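Open the structure in your viewer and keep the selection box at hand. The stops below say what to pick next and what is there.

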Amino acid sequence: MAGRRPRSTAGFTLIEIIAICVIIGTMAAIAVPRLNFQAYRVNGAVRGLNGVLARAQRLAVTNQSSVNVLFDLSTNAVKVHEDDDNDNVIDANERVRVYPIGEGVVFGRGTAPKRLYDVTQISFTRRQNGLPELIFRRDGSASENGGFYITTTNAAAAGRKSDARSVEVVRPTGRSEWYRYTGSAWERKF
């Protein structure tokens, strides 16, 4: 049989592939329950909100007009209103963008202690259409010192403090920074 090639022995048998799948499945079953997906959600939400605040501040400086940030607790969203005429009223020709804070995340600190502001959700005192409001002025400053808390819906229901986050805005610079509650203290994050 001079025309035949020798049979290749490279590759995996069906038994070997099944054994690998069983090993991977067992490792996943052990590892997945230990992952804290809620912490990833709330961290992503707080970073996103910090980005929205920074974007609003840049818009105010770039457009040389006020940009209002409204906190809608009923929809768990932040609205950014480009107030071109600085009248603190949403006019038909002014842009309003809505940013949901994230799935499974709500405004509030749950059972975590206060950080700087003794409120359960949002400390901004100004209101527009009944919603708490922060205004970024054309020089980049904010209308007031203040902040807000966010946590996960599961942490709020279960009383888990470690999912609480705090965002604080400094009036003169308009900069925001966020903090994470570790279970025993607030820790600044960058």
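**Start inside: strand β7**

Select β7 and show its side chains. Gly146, Phe148, Ile150 and Thr152 point one way, while Gly147, Tyr149 and Thr151 point the other way, and all of them are buried. In a regular strand the side chains alternate between the two faces of the sheet. Keep in mind that this is a predicted model.

How many of the 7 residues of β7 are buried? The count is 7 of the 7, so β7 is largely enclosed by the rest of the structure.

**Widen to the sheet**

Now select β4, β7, β8, β9 and β10. These 5 strands form an open sheet, ordered β4-β7-β8-β9-β10, with antiparallel pairing. Which are the edge strands? They are β4 (105-107) and β10 (186-189), and each of them pairs on one side only. Look along the sheet to see the twist, which averages 30° from one strand to the next.

**Both sides of β7**

Go to β7 (residues 146-152) and β8 (residues 165-169). These antiparallel strands are joined by 5 bridges. Pick Ile150: Arg165 in β8 stands opposite. Pick Gly147 next: its bridge partner in β8 is Glu168.

Now turn to β4. This strand pairs with β7 over 3 bridges, also in the antiparallel sense. Select Phe107 and look across to β7: Ile150 stands opposite. Ile150 therefore deserves a label, since it faces Phe107 on the one hand and Arg165 of β8 on the other.**Add the helix across the sheet**

Select helix α2, residues 37-63. Helix α2 lies across four strands: β4, β7, β8 and β9 (176-181). Compare its direction with that of β7: helix α2 runs at about 155° to this strand.

**Salt bridges: Glu168 again**

Show the charged side chains. The structure holds 8 salt bridges. Begin with Arg115 and Glu168, whose closest N and O atoms are 3.1 Å apart. This pair links distant parts of the chain, 53 residues apart: Arg115 is in the loop between β4 and β5 (127-128), and Glu168 is in strand β8.

Is Glu168 buried or exposed? Its relative accessibility is 6%, so Glu168 counts as buried. Arg115 has a relative accessible area of 29% and is partly exposed.

**Asp163 and Arg160**

Select Asp163 and Arg160. Their side chains meet in a salt bridge, at 2.8 Å from N to O. Asp163 is buried, with a relative accessible area of 1%. Arg160 is partly exposed, at 31%.

**Over to β9 and β10**

Select Glu177 and Arg188. Here too the side chains meet in a salt bridge, and the N to O distance is 2.8 Å. The pair links strand β9, which holds Glu177, to strand β10, which holds Arg188; the two are 11 residues apart. Glu177 counts as partly exposed at 23% relative accessibility. Arg188 counts as partly exposed at 40%.

Next, select Arg180, Glu187 and Lys189. A network of salt bridges links these three residues.

**Out to a loop: Asp84**

Where does Asp84 lie? It is in the loop between β2 (77-83) and β3 (96-100). Asp84 is partly exposed, with a relative accessible area of 43%. Show what touches this residue. Leaving aside neighbours within four places in sequence, Asp84 is in contact with Ser65 and Glu94. Add Val67 and draw a distance between the C-alpha atoms. Val67 and Asp84 are 17 residues apart along the chain, and their C-alpha atoms are separated by 8.0 Å.

**Finish on the surface: helix α1**

Select Ile20, Ile23, Ile24 and Met27, and switch on the surface. These residues make a nonpolar surface patch of about 420 Å². Centre on Met27, which is placed in helix α1 (residues 14-31). Its relative accessibility is 55%, so Met27 counts as exposed. Set this beside the start of the tour, where the residues of β7 are buried.

Notes. Residues numbered from 1 in each chain as written. Predicted model: local features only at pLDDT ≥ 70, side-chain atom pairs only at ≥ 80, totals over all residues. Heavy atoms only, no water. Patch = residues over 30% accessible without salt bridge, like charges linked within 9 Å, V, L, I, M, F, W, Y side chains within 5 Å. Areas by Shrake-Rupley, 256 points an atom, 1.4 Å probe, with all protein chains shown as cover. Salt bridge = Lys/Arg side-chain N within 4 Å of Asp/Glu carboxyl O. Buried < 20%, exposed > 50% of the residue type's maximum accessible area, 1.4 Å probe, protein only. Pairing = 2+ DSSP bridges. Axes fitted to C-alpha atoms, helices over the stretch in contact; angles between N-to-C directions. Contact = heavy atoms within 4.5 Å.
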